[in-house]
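Please consider the following model together with its sequence. The paragraphs below lead through its ligand surroundings, its sheets and some details of its backbone.

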Amino acid sequence: MQQTPPESAHDPNDAWDSPRGLTAHREAVRTALAARTPRTETVPLTAALHRSLARDAVAGIALPPFDNSQMDGFAAASADTPGRLPAAATIAAGLVPAPLAPGTAAPIMTGAPVPAGADTVVPVEDTRDGCFDVAEVVLPASAPGRFVRPAGSDVAVGDTVLTAGTRLGPAALGLLAALGRTDVTVRARPRVLVCTGGDEVVLPGQPLPEGRIYDANTALLHAVLTGCGAEVCATRLVADSPDVFAGSLHADIAAHDPDLVVTSGGISAGRFEVVRSALAAEPAVRFGSVAMQPGGPQGLGVLRGGIPIVCLPGNPVSTWVSAVLLLGPALAEVWGTTGPTARQARLETTVTPLAAKTQIRRGTRVPAAPDRVDVLPGTSSHLLAEAARAEVLVLVPPGPEPLPAGTAVQVVDL
Ligand SMILES: Nc1nc2c(c(=O)[nH]1)N[C@H]1C(S)=C(S)[C@@H](COP(=O)(O)OP(=O)(O)OC[C@H]3O[C@@H](n4cnc5c(N)ncnc54)[C@H](O)[C@@H]3O)O[C@H]1N2
Ligand code: MOO
């Protein structure tokens, strides 16, 4: 096993003289991710839910394409109402109706084209007899345009109906289908190579020798990444050998063509910091610290081959918090994936902040008071079971004094 020299304040590989703030580091992650130009792909509408639209969608047809009835009823000329009118032939949805003979009223079904000569629809229940089975229909007064859905009242030909970057929800997908589209061009999911490990880490499902632990971080990162819309193209459990890691990294990049490499562990101040040592010769990868806890040690940059790399700290809660708060927003900005949303909430109890670092506490929502959060007691970054119970991450800003109950803080829903 190779050894990494202990970190010093003058480490030439440390570009960050003092700890970066969380916001500044998130921006740096975004910049690194942008080194890879996001791709687009065309997918069927059924595979496009929550994807980010790559180009403006422009309507090739109007919606509705023709004036049509909003009600099951009788189409008539408003000038003939009120009145007793002979019933004309029934107009069903899907038909092309003949023009309405003057002085008549045509039974018409919801969605059927309003015939030329008619400009109003009287719902069947508003007619004197309340049914279609009549030779003559007695209509109340009905204003022009009443219960007529004009052609183009939703969308005109040439309208930009959705702008690039729109996250496609069910109504947007329905709209594209209504415009006759079968597929849509969206931003591709970023392909992420996930590397984690250390000599102590064993794959779940294997026997657990003394002194070893199971790999929590691959499953955790897979969940965060796929949860926000990225694709994990490969995972790699690495041992504490920088040479082996460097070799496997290049082989994995060649085999899987990732848009991003995410590593976890092996970056802080120990003797066997595999990731940090293996990347020491990379001119555009830096290691340093961010003024947050957990998640202080961080690495970041662009590999010589042009692939961005984000190196997260190995403690599981540190990996998780860093992935949610740093990777999630940066992926959303660069690739249009679904990032976490921050909101304001109020502390339910007094919380003591750290002096100079943003502390990311795990919390729960207060039942019946969604704008209030309870902070869980643990702060240490190995407390995965407590993290698993959390419903929110609570960003506690640094400061000298305890924050009393009721203080407004940023929270991220999990
Ligand atoms: N002298 C110092 N020591 C440490 C510092 C420091 O500033 N000075 N920072 C501490 C903090 S904070 C963190 S966070 C960790 C980060 O260390 P690394 O990123 O180098 O991570 P490792 O040392 O490899 O592992 C840390 C911890 O996490 C466990 N681990 C690693 N991978 C996995 C995995 N896949 N599944 C489950 N658990 C994993 C590992 O066994 C360690 O317990 O450094 C502190 N030390
Ligand atoms: O910054 Mo470390 O992530 O607290 O455990």
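In this predicted model, a backbone N or O atom of G314 lies 2.9 Å from an oxygen atom of ligand 1. Taken alone, ligand 1 exposes 860 Å², of which the protein buries 64%. Two further polar contacts involve nitrogen on the ligand side: a backbone N or O atom of A216 is 2.9 Å from a nitrogen atom of ligand 1, and an N or O atom in the side chain of T196 is 3.0 Å from a nitrogen atom of ligand 1. A216 and G314 are also among the residues that come nearest to the ligand, together with E200, D215 and I267, out of 21 residues around ligand 1. This shell is made up of nine nonpolar, nine polar and three charged residues. Elements that each supply at least two residues of the shell are β12 (191–197), β14 (213–214) and α6 (316–335).

One of these elements, β12, leads to an open sheet of six strands, which follow the order β15-β12-β16-β20-β19-β17 with mixed pairing. At its edges stand β15 (231–238) and β17 (285–289), each of which pairs on one side only. Neighbouring strands of this sheet are turned against each other by 15 degrees on average, direction ignored. At the β17 edge, five bridges join β17 to β19 (residues 297–302), and these two strands run antiparallel. Within this pair, R286 stands opposite L300 in β19. The helix α6, which also contributes to the shell around ligand 1, packs on the sheet and touches β16 (260–264), β19 and β20 (308–312). The direction of α6 makes about 155 degrees with that of β20.

Attention now turns to the second ligand. Which residues surround ligand 2? They are Q293, P294, G295, G296, P297, N315, S318 and S381. By class, the shell around ligand 2 divides into two nonpolar and six polar residues, with no charged residue. Oxygen atoms of ligand 2 take part in several polar contacts with the protein: one is 2.4 Å from a polar backbone atom of G295, a backbone N or O atom of G296 lies 2.6 Å from an oxygen atom of the ligand, and an N or O atom in the side chain of Q293 is 3.1 Å from an oxygen atom of the ligand. Q293 is also joined to P294 by a cis peptide bond, with omega about -5 degrees. P294 is placed in the loop between β18 (292–293) and β19.

Another sheet is open and has three strands, in the order β6-β4-β7 and with antiparallel pairing. Its edge strands, β6 (106–108) and β7 (120–123), each pair on one side only. Here, neighbouring strands are turned by 35 degrees against each other on average, direction ignored. Three bridges join β4 (residues 73–76) to β6, the two running antiparallel, and F74 stands opposite P107 in β6.

Beyond β4, the backbone has a cis peptide bond between T81 and P82, with omega about -5 degrees. P82 lies in the loop between β4 and β5 (83–86). A further backbone detail concerns H50, which has a positive phi of about 70 degrees although it is not a glycine. H50 is found in the loop between β1 (40–44) and β2 (57–58).

Methods
Residues numbered from 1 in each chain as written. Chains lettered and ligands numbered in written order. Predicted model: local features only at pLDDT ≥ 70, side-chain atom pairs only at ≥ 80, totals over all residues. Heavy atoms only, no water. Near = heavy atom within 4 Å. Polar contact = N/O pair within 3.5 Å; in protein donor to acceptor, adjacent residues only side chain to side chain. Areas by Shrake-Rupley, 256 points an atom, 1.4 Å probe, with all protein chains shown as cover. Helix = DSSP H or I, 4+ residues; strand = E, 2+ residues; numbered from the N terminus. Nonpolar A, V, L, I, M, F, W, Y, C, P; charged D, E, K, R; others polar. Pairing = 2+ DSSP bridges. Axes fitted to C-alpha atoms, helices over the stretch in contact; angles between N-to-C directions. Contact = heavy atoms within 4.5 Å.
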